[in-house]
Amino acid sequence: MIKNLEKSTVIKLKDQVPYLAGQVVSKTLAQNDSLSLTVFSFDKGEEIRTHQTGGVTVLEGTGRFTIDGEPHLVKEGETIVMPAKHPHAVYGEERFKMLLTVVF
């Protein structure tokens with residue numbers, strides 16, 4: 001099910017969530033039993049602690065993704081796939097926005 005998006009309209013994903021000081025902001029774009037698409041913005045220094053989920057594409061800025069204890073800097077236009085059931089954490093090296101894709 002598509003949520004929060006106008007159909008048949010060109011959009012910029014990075015414009016779907018604002019930056020808010022000291023916060024992580026998220027907006028779900030699509031979700032059903034097979035797939036979830038969510039856009040996030042991270043203020044510099046904000047994080048989501050260790051958890052498990054899918055792959056991300058950085059839309060703007062740079063984020064640090066630590067997967068199984070190994071850090072990866074991912075920049076605008078780059079994607080990293082996080083293996084299922086492997087712990088990871090996300091940290092805003094600077095303000096950044098990302099698209100999270102989870103396939104169930």
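The radius of gyration is taken over C-alpha atoms, and the globule rule is 2.2 Å times the number of residues to the power 0.38. With 104 residues, a compact globule would come out near 13 Å; the protein chain has 13 Å, so the two agree.

This is a predicted model: local features need pLDDT of at least 70, side-chain atom pairs count only at pLDDT 80 or more, and totals for chains, interfaces and linings use all residues. Residues are numbered from 1 along each chain as its sequence is written, and side-chain values use heavy atoms, leaving out hydrogens and water.

The protein chain has nine strands and zero helices. Helices (H or I, at least four residues) and strands (E, at least two) are DSSP runs, numbered from the N terminus.

Four strands form an open sheet in the order β3-β8-β5-β6, with antiparallel pairing. Its edge strands, β3 (47–51) and β6 (70–75), each pair on one side only. Two strands pair if DSSP finds at least two bridges between them. Strands β5 (residues 62–67) and β8 (residues 88–92) pair in the antiparallel sense over five bridges. F65 has V90 in β8 as its bridge partner.

Whole-chain values follow.

| Property of the protein chain | Value |
|---|---|
| C-alpha box along the principal axes | roughly 40 × 30 × 20 Å |
| Buried residues (under 20% relative accessible area, 1.4 Å probe, protein chains only) | 35% of the 104 residues |
| Exposed area (Shrake-Rupley method, 1.4 Å probe) | about 6,200 Å² |

Carbon and sulfur atoms supply 50% of that exposed area. Contact means heavy atoms within 4.5 Å. Among contacts between residues at least 6 apart in sequence, 60% join residues at least 24 apart.

Note on methods:
Buried < 20%, exposed > 50% of the residue type's maximum accessible area, 1.4 Å probe, protein only.
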